[in-house]
Amino acid sequence: MSNAEATASSDHTGTGKADAAHNPEAARLRALLEPSVQANRLYLEDVAIIPGSHRVVHVVVDLPQEETGGVSLDVIADISKVLSDVLDNDPADDGRPYDLEVSSPGVGRPLTEPRHWHRAKGRMVKVNVVQGDNIMGRIKSVDNTGVTLVPEIAVKKGMKPKQGDPIKLPFDRIRNGKVEIEFSHLNEDGLEPEHNGPSEEA
């Protein structure tokens with residue numbers, strides 16, 4: 001039996017994969033849920049289990065890397081129902097109650113994998129560079145080897161930022177990146193309005 005909660009956006013930062021690596025049950029649930037997530041044209045970002053007498057199964061889903069924008073509330077609600085049914089029919093379930101929480105990564109997620117950079121194409125990002133100065137710029141393109149940025153050059157306060165020549169950064173020179181929030185992108189990121197989706201007793 002579960003309570004399924006859909007969340008539009010979250011600052012979950014990717015702990016579920018680490019959890020799955022050290023937690024056999026999280027890894028098992030990831031394998032159980034992934035086919036249903038993929039069947040709904042989504043990507044399973046994370047599965048984490050928060051232990052306790054009433055454990056929480058936290059699932060993070062994202063759009064495929066070639067798509068832009070964020071995961072909508074309706075999509076989160078729909079996939080929550082699908083995954084709740086899968087968990088309720090889990091043949092290896094021990095019968096303990098749990099809460100299912102399904103969310104999208106949100107713009108606060110660090111960009112640490114190639115697919116994250118693909119998803120952020122066209123966005124303004126701050127890049128933490130290995131053995132070099134950090135760079136602020138807009139992602140122009142992403143390929144198998146790295147990211148091409150159009151850097152923003154600092155100017156005097158009140159002046160419009162200038163753009164430099166495109167820079168190609170190989171993935172092995174990138175420690176991580178972070179999307180800079182721009183007001184024109186708030187709606188597509190699911191940041192406004194703040195809203196939790198339906199809770200469902202399964």
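A cavity, as I use the word here, is a set of grid points where a 1.4 Å probe fits but cannot get out. Keep that in mind for the first half of this talk. The model is predicted, and the numbers I give are computed from it.

So, how many cavities of 30 Å³ or more are there? The count comes to one. Its volume is about 50 Å³.

Now the walls. Which residues line this cavity? From the early part of the numbering there are Glu25, Arg28 and Leu29. Then come Arg55 and Val57, and after those Leu87, Asp90, Asp93 and Tyr98. Two elements give two or more residues to this lining: helix H2, which covers 24–39, and strand E3, which covers 55–62. H2 supplies the largest share, with three residues.

What about the chemical classes in the lining? Five of the residues are charged and four are nonpolar, with no polar ones. Please look at the wall with that split in mind.

Next, the strands. I will take three of them, E5, E6 and E7, in order.

Strand E5 is residues 124–129 and strand E6 is residues 135–142. The two pair in the antiparallel sense, over four bridges. To find the register on your screen, start at Met124, which stands opposite Arg138 in E6. The connection between E5 and E6 is a hairpin with five residues between the strands. In that turn, Gln131 has a positive phi of about 50 degrees.

E6 also pairs with strand E7, residues 146–153. That pairing is antiparallel too, and five bridges join the strands. Here the place to look is Ile139, which stands opposite Leu149 in E7. Again the link is a hairpin, this one running through three residues.

E6 therefore has E5 as one partner and E7 as another, given that two strands count as paired when at least two bridges are found between them.

Last, the chain as a whole. It holds four helices and 11 strands. How much of it is buried? Of the 202 residues, 42% count as buried, where buried means under 20% relative accessible area. The exposed surface of the chain is about 10,900 Å², and carbon and sulfur atoms supply 52% of that area.

One more figure, on contacts. Taking contacts between residues at least 6 apart in sequence, 63% join residues at least 24 apart.

That is the end of my part.

Note on methods. Residues are numbered from 1 along each chain as its sequence is written. This is a predicted model: local features need pLDDT of at least 70, side-chain atom pairs count only at pLDDT 80 or more; totals for chains, interfaces and linings use all residues. Side-chain values use heavy atoms; hydrogens and water are left out. On a 1 Å grid over the protein atoms alone, a cavity is a set of points where a 1.4 Å probe fits but cannot get out, and a pocket is an open set with protein on both sides within 12 Å along at least five of seven lines; lining residues have an atom within 4 Å of a point. Grid points are joined across faces, edges and corners, and a volume is the space filled by probe spheres set on the points. Ala, Val, Leu, Ile, Met, Phe, Trp, Tyr, Cys and Pro count as nonpolar, Asp, Glu, Lys and Arg as charged, and the others, Gly among them, as polar. Buried means under 20% relative accessible area, exposed over 50%, partly exposed in between (1.4 Å probe, protein chains only). Contact means heavy atoms within 4.5 Å. Accessible areas come from the Shrake-Rupley method with a 1.4 Å probe; for residues, only the protein chains shown count as cover.
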